[in-house]
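Visitor: I would like a close look at how helices pack against each other in this model, with the criteria spelled out as you go. Please take your time over it.

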Amino acid sequence: MLLRLLVLLLMWSGLSSALALTPELAGRIAAGESDERIAALGEAVAGGDAALQPFLQALLADEVKVAGGKAYIVRDGRAVEAASGAAATLPADAEDVVNNNRLRGELESALAALGLFSPDLAVRRKAVADLRGAADEAKLGLIEKALVAETDAGLKAALGQLRAAVLITSADRAKRLAAARLVAESADPSTRSLLLERLAPTAETDPEVRAALQASLDAVQGRLAWGERLGVLFTGISLGSILLLVALGLAITYGLMGVINMAHGELMMIGAYATWLVQNVFRQWLPGAFDWYIVAAIPASFLAAALVGAALERSVIRWLYGRPLETLLATWGISLILMQTVRSLFGAQNVAVENPSWLSGGVQVLPNLTLPYNRLAILVFAALVLLGMALLISRTRLGLFVRGVTQNRRMARCVGVNTARVDTYAFALGAGIAGLAGCALSQVGNVGPDLGQGYIVDAFMVVVLGGVGQLAGTVYAGLGLGILNKLLEGWQGAVLAKIMVLVFIVVFIQKRPQGLFAMKGRSAEA
């Protein structure tokens, strides 16, 4: 390690002695035509003077003035010479340096190139990422020296690919040919874009180089295809987990109780708005704990939706059991009332729900595949809600009563079960789970009065396809429909994909009316 550090220091000293940042060079970078300034910037970057980095940062911050061919950094009312850093008196005729978008891009690229020699691995990795698609032959010397000094194997390979991407535009045919063959080992999407650009009719005219570019493009696309396939699969599973959360509440209200609840989507909306309200409370009263507002929002969204559901069951739905058409019409009317109530209270526009910092970003699995943390969290959340539901239905007294009332309401009443209370508890539970679905949806999409309308039909399809009253069927149907929908979207587009999924379900139900899992026992014979 000591030997490597000595080599790096010697390399830097050689660079500095070869071409230091002189006052004349700093003035050329700060003033003149754009092409001239960019050429001077390339000379300075090739020299790699330590004074160049603060000078470039000052240029990007609009803290540089120029007078008499010299550049000055002016910060907090004090002026220093850009090249030496020595204190100076700012001339009266000094003018501000103006950087257009092109120059700003070149300055940012130059800063990234200087970051290749940082002792911090994360900074060097970011520098390589920033240089992709922006590196040119002016930075080739720095890239090659960084390649020699780099000790991290993964970053060294990335630097090699970056060097090849620069050489692929070289005027030397042999260099272009060698680089075209070397980039075939890349798995970065920017490499594919570069190869497509070089394969344009006016970009590369040599037949042998074009053949090598095409072979490399085929290899890179084949490698990237796996990331795209896995991305579609993950997106489908993510959509399936959301459908599962939405359909779990319906699995109780429709699957177990036989109530066609068209207001289920609005119960989700109530859960999402409860999350928004909790977020605002934390932002105003507990800003230091804002990142944990979601922990308080989960029970709040459940309770808010469960209370509304219990009120609906006691006031309207309890009088409509066994009358599906009347239930459908009544709950549809309730859904309109709930949407209008929310519009009156919170406005018709969508409200912003912010992700906590620990749910922002994602984990990069492949160069073209990043798994967002919020989507991963919803997968885990859906699994936990499903586990809790299964345990509640199969292992608790309430679950026993719900199953008993579902299978034989009269017999349950005969043995002393208060069926009216069980109905209220079960409907409130289904509504509360819809509220949890709304809480989860608030982390990945917009929250507005129409939130539930986009999921209610899909949720009913999941319950019917999986089998009425079957939690296992709901799981398989939710995940299966999510993956199928995303696969068809990539093939035929979103609209046709929806139509094809609906046709598939209609045909499936015609052949198997009981769904994937048929209900067993006396309830199936009734």
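Guide: What follows is an account of two helix pairs, and then of a serine and two cysteines. The model is a predicted one, in which local features need pLDDT of at least 70 and side-chain atom pairs count only at pLDDT 80 or more, while totals for chains, interfaces and linings use all residues. Residues are numbered from 1 along each chain as its sequence is written, and side-chain values use heavy atoms, with hydrogens and water left out.

Two packed helices are described by the angle between their axes and the distance between the axes. Helices here are DSSP runs (H or I, at least four residues), numbered from the N terminus, and their axes are lines fitted to C-alpha atoms over the stretch in contact, with angles running from 0 to 180 degrees between N-to-C directions.

The axes of helix 6 (residues 121-131) and helix 8 (residues 153-167) come within 10 Å and cross at roughly 20°. The two are therefore roughly parallel to each other, a term kept for angles under 35 degrees, whereas 65 to 115 degrees counts as roughly perpendicular. Their crossing is left-handed, meaning that the near helix is turned anticlockwise from the far one by less than a right angle. Helix 6 brings Leu-121, Arg-124, Arg-125, Val-128 and Leu-131 to the contact, and helix 8 brings Leu-155, Ala-158, Leu-159 and Leu-162, where contact means heavy atoms within 4.5 Å. By class, this contact has 7 nonpolar, no polar and 2 charged residues; Ala, Val, Leu, Ile, Met, Phe, Trp, Tyr, Cys and Pro count as nonpolar, Asp, Glu, Lys and Arg as charged, and the others, Gly among them, as polar.

For helix 16 (residues 397-407) and helix 18 (residues 419-441), the axes also come within 10 Å, and they cross at roughly 110°. These helices are therefore roughly perpendicular to each other, and helix 16 passes helix 18 in a left-handed crossing. The residues that make the contact are Leu-398, Phe-401, Val-402 and Val-405 of helix 16, together with Thr-419, Val-422, Asp-423, Tyr-425 and Ala-426 of helix 18. Sorted by class, they give 7 nonpolar, 1 polar and 1 charged residues.

Turning to single residues, Ser-238 lies in helix 11 (residues 207-256) and counts as buried (under 20% relative accessible area, with exposed over 50%, 1.4 Å probe, protein chains only), because its relative accessibility is 1%. Leaving aside residues up to four places away in sequence, Ser-238 touches Arg-375 and Leu-379. Cys-439 is buried at 2% relative accessibility, whereas Cys-414 is exposed at 65%.

How values were computed. Angles under 35 degrees count as roughly parallel, over 145 as roughly antiparallel, 65 to 115 as roughly perpendicular and the rest as oblique.
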